[in-house]
Structures are given as structure tokens and as C-alpha cells.
Amino acid sequence: AALTFAPAARAQSGPLLRVESRSGVSSFTEESFAALPQSVLRTHTAWTEGPREFQGVALKDLLAAAGFDSAALQGRSLRLRALNEYEVAIPAEDCEIYNPLLARSMDGSPMLRSDKGPLWLVYPREQFPGLHDQRYDHRWAWQLAVITVV
């Protein structure tokens, strides 16, 4: 079931998320993001209490919609940039290994910019105990705005 977002939750300038590469830019609005296959992930995080339920789009599905299937991502990395200018590079193979989620909501409520929104890259820590390690925590980019495929 897709969530609907009140106008206040959608209010922002520009697209919800951009995917950039040498070959161009793909922009996703709130509506085009919601039209992609939606997934649910229940997991613990290092920043919240107890397990949380996240809803959004699998990173690999969003990248595929931007023209990057598994073969196009082999050997590449993804540079994630947040609204607060935080940047981190992750291996593109994370898409296949861990299948992280671009979460738009947490526990049924849209994530706001004031609380890690509008998008938060969430990893399935319950399925991969090795992710319960500080070395992976930096990959959980919140307030995500731009993904650059390099």
C-alpha cells in the first residue's frame, strides 16, 4: 500500500532525489518515486530505539529506473549527498549484497527533513548481522538528495 503525503510533507523546492552520472541526470519527484515498486523493511538502527518499519523503494530499483541495472553498476561506486552536504561513497555492489532501502516513511509516517527525511538509506541489519558494526553506520545517509554513479 502506498502512502499519501500531505502537502506540507511534500513541500520542497526541486525534485525529491536526483541520480547523476556522466551520461546525464534522472530526477525523481514525490509522485515518480511513489510510482516505483514499494518495499517494506523492518530493522533496528543505530539511531532509533527498537525495531522500526521503513517503507520506500529498494536502491537497486530506483537505480534501474534511472537506467543502471546490475550489469551497469558492476565495479562502480555510488556517491551519496545529503541536503546537509554530508557525503559518503558506497560500493554499488551493496545493492545486490544487502538490498538497502531508500526509506520515505518510518513506522507509517512520512519522514520529515527535521528527522532524517525526506529519504534515508536504510540497510537490513536484521538479515546481515555483520552490518551491526560502526564501519557500516556511515553508509546510512539521511536527508538524501543526490546519488552520483561513478
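This is a short tour of a predicted model, going from a sheet to a group of aromatic rings.

**The sheet**

Start by selecting the strands β2, β1, β10, β5 and β6. In that order, the five strands form an open sheet with mixed pairing. Next, colour the two edge strands, β2 (24-28) and β6 (87-91). Each has a single partner strand, so one side of each is left without a neighbour in the sheet. Turn the view to follow the twist, which averages 20° from one strand to the next.

**Strand β1 and its partners**

Select residues 17-21, which make up β1. Is this strand mostly covered or not? Four of the five residues of β1 are buried.

Add residues 144-149 to show β10, which runs parallel to β1 and is joined to it by three bridges. To place the two strands against each other, label Val19 in β1 and its bridge partner in β10, Ile147.

Then go to β2, which runs antiparallel to β1, with five bridges joining the two. Here, Arg18 stands opposite Ser27 of β2. The connection between β1 and β2 is a hairpin through two residues.

**The aromatic rings**

Now show the side chains of Trp47, Phe54, Tyr98, Trp120, Tyr123, Phe128, Tyr136, Trp140 and Trp142. Ring pairs link these residues into a cluster. The model has 10 aromatic pairs.

Zoom in on Trp47 and Trp142, an edge-to-face pair with 5.3 Å between centres and 80° between planes. Which parts of the chain does this pair link? Trp47 is in the loop between β3 (39-43) and β4 (52-58), while Trp142 is in the loop between α6 (134-137) and β10, 95 residues apart. Trp47 is partly exposed, at 33% relative accessible area, and Trp142 is also partly exposed, at 25%.

Move on to Tyr98 and Phe128. This pair is edge-to-face too, at 5.0 Å centre to centre and 90° between the planes. Tyr98 lies in the loop between α5 (94-97) and β7 (101-106), and Phe128 in the loop between β9 (120-122) and α6, so the pair ties together parts 30 residues apart in sequence. Tyr98 counts as buried because its relative accessibility is 14%, below the 20% cut-off. Phe128, at 26%, counts as partly exposed.

**A lysine over two rings**

Finish at Lys116. Its charged end sits over the ring of Trp120, 5.7 Å from the ring centre. Lys116 also lies over the face of Trp142, at 4.7 Å from that ring's centre. Both tryptophans belong to the cluster shown earlier.

How values were computed: Residues are numbered from 1 along each chain as its sequence is written. This is a predicted model: local features need pLDDT of at least 70, side-chain atom pairs count only at pLDDT 80 or more; totals for chains, interfaces and linings use all residues. Side-chain values use heavy atoms; hydrogens and water are left out. Two strands pair if DSSP finds at least two bridges between them. Axes are lines fitted to C-alpha atoms, for helices over the stretch in contact, and angles run from 0 to 180 degrees between N-to-C directions. Buried means under 20% relative accessible area, exposed over 50%, partly exposed in between (1.4 Å probe, protein chains only). Rings of Phe, Tyr and Trp (its six-membered ring) pair if their centres lie within 6.5 Å; planes under 30 degrees apart count as stacked, over 60 as edge-to-face and the rest as tilted. A charge sits over a ring if NZ of Lys or CZ of Arg is within 6 Å of the ring centre and within 35 degrees of the ring normal.
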